[in-house]
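User: Hi! I have a model open and would like to talk it through with you.
Analyst: Happy to, go ahead and show it.
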Amino acid sequence: MLNIKKDQKDDKLTIALNGKLDTMTSPQLEEEISGCLEGISELVLDLAGLEYISSAGLRVILSMQKIMNRSGEMRVIHVNEVIQDIFDVTGFSDILTIA
Amino acid sequence: MPELRVQALTANIAEITDFIDSHLEEADCPLKAQTQIDIAVDEICSNISFYAYGPEKGDILVNYDYDPDTRLCTITFSDSGIPFDPLAVKEPDTTVPVEERDIGGMGIFLVRKTMDQVSYEYKDGMNHLTIQKKI
């Protein structure tokens with residue numbers, strides 16, 4: 001299960017994820033972000049409530065990063081140990097700005 | 001040895017995860033190892049669901065085994081679909097820039113990085129992928 005909470009102030013958008021970002025839930029996030037990143041110059045992805053992420057979730061995060069590379073910046077915050085390990089072994093740590 | 005058979009559909013991955021988790025909890029598995037195993041279940045079962053049977057329907061058979069002396073957990077995923085060795089897939093290049101990144105093969109790569117041992121066998125008309133992790 002995945003809960004997605006969006007909080008927008010002007011051109012800054014925070015997306016907070018709660019639950020699991022896996023094969024079943026990743027399409028949900030993909031759908032949520034489609035179109036809503038337009039005009040956003042600062043995107044914050046808050047993973048405080050995210051238990052785990054599989055490659056299906058990495059795909060969506062990668063596409064978010066690619067969109068934001070063109071139109072602004074993206075930061076990933078509150079990354080837990082398991083998810084940090086996954087970012088490290090996949091090379092995502094070098095791609096993402098993890099604060 | 002506990003065993004679960006479900007239809008190979010992504011909608012059934014949660015049932016497989018619950019089955020595995022209930023046994024891992026019985027074995028007092030640390031949360032980190034359990035999470036890594038859950039991710040492996042997602043990667044392996046989504047691959048089988050998407051690719052093993054083409055347009056036809058088939059099953060995923062999951063076998064769980066745990067040795068309390070060595071704390072080694074062994075899980076085998078079997079399907080009777082197209083013969084496919086995921087371990088023969090070239091590892092992704094994790095050093096290429098983000099814009100050029102092709103994410104194919106990332107799932108099984110993650111499994112290999114987080115499990116102690118991953119092995120594949122094609123036997124009696126079935127694919128058998130086994131993961132092992134000391135918990």
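User: Leaving aside its neighbours within four places in sequence, which residues is B:A40 in contact with?
Analyst: Outside that window, B:A40 is in contact with B:V111, B:T114, B:M115 and B:I131. Two residues are in contact if their C-beta atoms, placed from the backbone, lie within 7 Å. Two notes on the basics: this is a predicted model, where local features need pLDDT of at least 70, side-chain atom pairs count only at pLDDT 80 or more, and totals for chains, interfaces and linings use all residues. Residues are numbered from 1 along each chain as its sequence is written, while chains are lettered from A and ligands numbered from 1 in the order in which they are written.

User: Thanks! Which residues touch the most other members of the largest nonpolar core?
Analyst: B:A40 is one of them, along with A:I83, B:V41, B:I44, B:C45 and B:F77, in a core of 54 residues. A nonpolar core here is a set of buried Ala, Val, Leu, Ile, Met, Phe, Trp, Tyr and Cys residues joined through C-beta atoms within 7 Å. A residue is buried if 20 or more other C-beta atoms lie within 10 Å of its own, exposed if 12 or fewer, and partly exposed in between, with C-beta atoms placed from the backbone.

User: And which element gives the largest share of that core?
Analyst: That is α2(B), with eight residues. Helices (H or I, at least four residues) and strands (E, at least two) are DSSP runs, numbered from the N terminus.

User: How many residues of α2(B) are buried?
Analyst: 17 of its 22, so the helix is mostly covered. Its end C-alpha atoms are 30 Å apart, which agrees with the 32 Å that 22 residues should span at 1.5 Å a residue. The expected span is 1.5 Å times one less than the number of residues. Just after α2(B), B:G54 takes a positive phi of about 60°.

User: What about α3(B), what covers its buried residues?
Analyst: The cover includes α2 and α3 (81-90) of chain A, together with α2, β4 and β5 of chain B. Seven of the nine residues in α3(B) are buried, among them B:F109, B:L110 and B:V111.

User: So both chains come into it. How many residues of chain B are in contact with chain A?
Analyst: 21 residues of chain B are in contact with 21 of chain A. On the chain B side, α1 (13-26), α2 (31-52) and α3 (106-114) each give two or more residues. α2(B) gives the most, with eight. By class, that side has seven nonpolar, seven polar and seven charged residues. Ala, Val, Leu, Ile, Met, Phe, Trp, Tyr, Cys and Pro count as nonpolar, Asp, Glu, Lys and Arg as charged, and the others, Gly among them, as polar.

User: Switching topic: how do β4 and β5 of chain B pair?
Analyst: Strands β4 (residues 117-123) and β5 (residues 126-134) of chain B are antiparallel, over seven bridges. Strands count as paired if DSSP finds at least two bridges between them. B:E121 has B:H128 as its bridge partner in β5(B). The hairpin has two residues between the strands, and B:D124 takes a positive phi near 50° there.

User: Lastly, in what order do the elements of chain A run?
Analyst: From the N terminus on, they go β-β-α-β-α-β-α-α, which gives four helices and four strands. Buried residues make up 39% of the 99 residues in chain A.
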